[in-house]
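Open the model in your viewer and switch to a cartoon view. Keep side chains ready to toggle.

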Amino acid sequence: MDTAVDPRTLRWINRPALYTVDEDSVLLETTPHTGFHSLTFNEICANGLVLEPMTGFSFSARMRYHFEGPENECGIFLQENAGHWMKGGIQDRRENLKLSCMVYDNGYGDEALREIGSAVKEMSLRVLYWNGNVRFQYSFGGEQYSDMRWMHFADSSVAVTPGIFACSPGSDVFDCRFTDLCLQKI
């Protein structure tokens with residue numbers, strides 16, 4: 001059974017200047033020149049919140065976003081360490097929104113993309129992690145999820161840190177609201 005996550009209990013990574021957090025939502029304005037691209041920046045400098053590391057779980061969140069410029073993105077992620085992570089979310093690719101799932105492993109990465117059109121303004125995402133495996137899913141309505149990607153991510157006993165993120169690689173910013181954060185341990 002899914003348990004609602006109170007965002008006030010989560011830990012910030014790169015806290016933005018403007019945000020509000022209450023018992024069931026996070027609203028933040030991204031910081032300019034932030035990103036989640038270790039292949040380019042060799043660091044994660046997105047605005048976000050993380051849970052504690054764990055080994056078997058399902059974590060989901062709903063995002064409402066209003067992108068203001070290209071390459072802006074928001075989503076959910078898993079991180080074993082700075083050199084090994086996976087993210088899934090929505091990216092603004094020059095007014096063409098893409099559902100994206102990227103895995104990065106110590107200098108190597110690949111990305112799966114799916115065009116979703118420019119009219120989509122909210123999305124639910126879910127990531128399942130068990131025995132070192134990952135299943136990334138998306139939903140337009142928050143009820144029925146479809147698979148985006150399956151992969152083996154880590155050794156079966158490795159705990160990973162799940163979280164939410166939003167970033168603006170350029171000089172612009174955008175507002176993003178995360179709601180319906182749910183966790184189920186498996």
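In which strand is the place of Ser124? Select residues 122-130: this is strand β11, and Ser124 lies in it. Bear in mind that the model is predicted.

**Stop 1: Ser124**

Show the side chain of Ser124. Is Ser124 buried or exposed? Its relative accessibility is 4%, so Ser124 counts as buried, the cut-off being under 20%.

Now display what surrounds Ser124. Setting aside neighbours within four places in sequence, the contacts of Ser124 are Ala61, Arg62, Gln137, Tyr138, Ser139, Gly142 and Tyr145. Pick out Arg62 from that set. The side chains of Ser124 and Arg62 make a polar contact at 2.5 Å.

**Stop 2: Arg62**

Follow that contact across. Select residues 57-66 to bring up strand β6, where Arg62 sits. Arg62 counts as buried because its relative accessibility is 8%.

Which other side chain should you show with Arg62? Add Glu122: its side chain makes a polar contact with the side chain of Arg62, at 2.5 Å. Glu122 belongs to the range of β11, residues 122-130.

Then widen the selection around Arg62. Leaving out residues up to four places away in sequence, Arg62 touches Glu122, Met123 and Ser124, then Ser139, Phe140, Gly141 and Gly142, and also Arg177, Phe178, Thr179 and Asp180.

**Stop 3: the seven-strand sheet**

Hide the side chains and go back to the cartoon. What is the strand order in the open sheet of 7 strands? Trace β2-β5-β14-β7-β8-β9-β10; the pairing is antiparallel. The edge strands are β2 (11-13) and β10, each of which pairs on one side only. On average, neighbouring strands of this sheet are turned by 20 degrees against each other, direction ignored.

Within the sheet, select residues 47-50 and 161-167. These are β5 and β14, an antiparallel pair with 4 bridges. Label Gly48 and look across: Phe165 in β14 stands opposite.

**Stop 4: the β9-β10 hairpin**

Move along to the β10 edge. Select residues 97-105 for β9 and 108-115 for β10. How many bridges join β9 and β10? The two strands pair over 8 bridges, in the antiparallel sense. Label Tyr104 to find one of the paired positions: its bridge partner in β10 is Gly109.

Finish at the turn. The hairpin has 2 residues between the strands. Check the backbone of Asn106 there: its phi is positive, near 45 degrees.

Terms used. Residues numbered from 1 in each chain as written. Predicted model: local features only at pLDDT ≥ 70, side-chain atom pairs only at ≥ 80, totals over all residues. Heavy atoms only, no water. Buried < 20%, exposed > 50% of the residue type's maximum accessible area, 1.4 Å probe, protein only. Polar contact = N/O pair within 3.5 Å; in protein donor to acceptor, adjacent residues only side chain to side chain. Contact = heavy atoms within 4.5 Å. Pairing = 2+ DSSP bridges. Axes fitted to C-alpha atoms, helices over the stretch in contact; angles between N-to-C directions.
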